[in-house]
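Biologist: Got a minute to walk me through this one? I'd like the main features in plain words.

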Amino acid sequence: MDINNIYSKKVISLDEALRKIKSNQNLVSALGAAEPKRILENLHKISHRVENVNLSTCLPMGVYEYFTNHKNKGHFHMDGWFYSPPIRKSHKHANVSYIPNHLHFSATKRLYHRQPNIYMGTCSPVDKHGYVSLSLSATYEREIIENADVVMLEINPNMPRTFGDTILDIRDVDYFIEVDYEVPELPAQKPSKIDKKIGEYISTLVEDGSTLQLGIGGIPNAVADALMNKKNLGIHTEMLTDGMVDLYKNGVITGKKKTLYPEKMIATFALGTKKLYDFINDNPAVMIMKGNWVNDPCVIGKNYKMVSINTTLQVDLTGQCASESIGHNQFSGTGGQADTAIGAQNSKGGKSIIALSSTASVRTGVGDERKTISKIVPLLDKGSIVTLSRNDVDYVVTEYGIASLRGTNIAERVERLINISHPDFREEIKNRANELMIW
C-alpha cells in the first residue's frame, strides 16, 4: 500500500470541504476538543447558499457563528447531546435543541433517528502503517463514521495519538483538511474550600484498589486531590481529566487491582489542558474506547470496587437528582451519570456517589441582586429533569457530611439529607417535609 499516494489524493482545501456541504444534510461533529475547529469557525460563510442543515454535536468548545448568530437560523440547526455554555446562550434563539440520551446509547439511538451525510472530526498525522488516531474521543465517532456518506477529518500535528477505538485506516476517510492549531483546552477548575471539604469526605468512601469514574468540575478535581494517599486505584471513566494525570504520576493510579483491563486507564474521551494531552500522546497505558462499551452499565459492573462520583444541581429529600436542568431550562446533559451510577451498583464492592455543595447563589431577577438557596430541597423545582433516579444513589455528600441512602426508606432519607444540608435551611426544609408528609 502506497500510503503517501493514498493520503495525498484525499487532501482538500477548507473551501473544497465547505463546498461539499449541501442544503438539508445531516452533519455530525466530533465531541469536545476533538471537534473540527477550522471547519466550524467558517461554516457560517456558506449560509447564503444552504438551508436546513442539521448539525449534531456534544460539548462544543468554540463560540461558532453558525449557531451563535441568530441570523443563521433556518440555514443551520444544532442538536446537542450535552449543553456547553455557548449552546446555553443560543437556546433562546430556538436554533439549538437538546438530545435526551444516556451516553452509551448516544450514537446508536441517534442513528436510529437520523442517518449522517457527513462526519467531521480531527485526527493525528498518518503513521507509517497508514493509520490515523481520532485522538481525543471515541464516544460516538466510530459508529457515525461507519454510517456516514462522507468522512472529513482535519489532520493536525498537535492532536495526541491515542490507542483503542480511535485508530482508523486512512482508506476509511474520504477527505483530509490539513490544519495546524493548538488543541482546545478546558482549564482545570481550581477547587474552592467547600469543594475540598467535599473531596475529603468522598476520599473516606474510596478504598485502596478501587476503580474510579469522575465527572466534570471543581468537586471532581478536589476529589482527585484528596485521593493522593490512596493505593492501587484504577480508572474506567467516560472522561479522562488532568486530575487523573496527577494521581498517576504520584503512583496512586496503577490499575493493578482492576479486574477489567488491568493497568490500563480506560476512557471514552479526554478533555483538559496540555498536561493531559501530552500525557496521553503515544501512551500505551491509556485506551480511548467506544462510549457504547465504556459506559455500558454491564461493562462498568465488571470492575472490582467501581466507584462512580458525579455532581448534581439539586437533590430532593427522597434522593432524586436534577443534574442537567435548572427548572425546565436545559443546563448541561445526562451524559454518563446514570450509566456510571448504575454500573457501579453492578460492581462487587461498588458505590454510586453524588456530590454537591449545600447551597447556591442565584439571581433574584432584580438587577444584580443575588440570594443564597439550598440545593437540598423538599421538592425539585417545577419542570426539573430527574437525571438520576433515587433508586440509583448510594451516597450524597456535601461539605456537611455524608448521607448513606442505600437500602433506606423515605423517612430515613429525609433525616439523613437534612443533616447534610446547610444549617441555615434545616428547620425550613424539615417543616416543609412535614407539611408535605414526606416520610
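Modeller: Start with residues 272–432. This is a predicted model. In it, the end C-alpha atoms of that span lie 42 Å apart. The span is 26% helix and 27% strand.

Biologist: What does the UniProt annotation call residues 272–432?

Modeller: The record says "domain: Acetyl-CoA hydrolase/transferase C-terminal". The label comes from an unreviewed entry, and UniProt annotations may be inferred rather than shown by experiment.

Biologist: Okay, sheets. What is the order of the strands in the nine-stranded open sheet?

Modeller: The order is β8-β14-β13-β12-β11-β15-β20-β24-β25. The pairing is mixed.

Biologist: Which are the edge strands?

Modeller: β8 (163–164) and β25 (401–404). Each of them pairs on one side only.

Biologist: How many bridges join β8 to β14?

Modeller: Two, and the strands run parallel. β14 covers residues 286–288. For G164, the bridge partner in β14 is I288.

Biologist: What holds paired strands together in general?

Modeller: Strands of a sheet pair through backbone hydrogen bonds, either parallel or antiparallel.

Biologist: Which strands does helix α14 lie across?

Modeller: Helix α14, residues 337–346, lies across β11 (211–214), β12 (234–240), β15 (306–311) and β20 (351–355). The helix runs at about 150° to β15.

Biologist: Switching to the N-terminal end. Which residues of α1 are buried?

Modeller: Helix α1 spans residues 3–10, and its buried residues are I3, Y7 and K10. Seen down the axis of α1, they fall within an arc of 65°, so they line one face of the helix.

Biologist: And what do the buried residues of α1 pack against?

Modeller: They pack against β7 (150–155) and β10 (175–178).

Biologist: Which exposed residues sit on the face of α1 turned away from the buried side?

Modeller: N4 and K9.

Biologist: Cysteines next. How many disulfides does a search of the whole structure find?

Modeller: Zero.

Biologist: Why is there no bond from C58 to C123?

Modeller: Distance. The closest cysteine sulfur to that of C58 is in C123, 20 Å away, so the two are too far apart for a bond. A disulfide here needs sulfur atoms within 2.5 Å. From the other side, C123 is in no disulfide, and its nearest cysteine sulfur is that of C58.

Biologist: Are those two cysteines buried or exposed?

Modeller: C58 is buried, with a relative accessible area of 6%. C123 is buried too, with a relative accessible area of 0%.

Terms used
Residues numbered from 1 in each chain as written. Predicted model: local features only at pLDDT ≥ 70, side-chain atom pairs only at ≥ 80, totals over all residues. Heavy atoms only, no water. Buried < 20%, exposed > 50% of the residue type's maximum accessible area, 1.4 Å probe, protein only. Helix = DSSP H or I, 4+ residues; strand = E, 2+ residues; numbered from the N terminus. Arc of directions from axis to C-beta. Contact = heavy atoms within 4.5 Å. Pairing = 2+ DSSP bridges. Axes fitted to C-alpha atoms, helices over the stretch in contact; angles between N-to-C directions.
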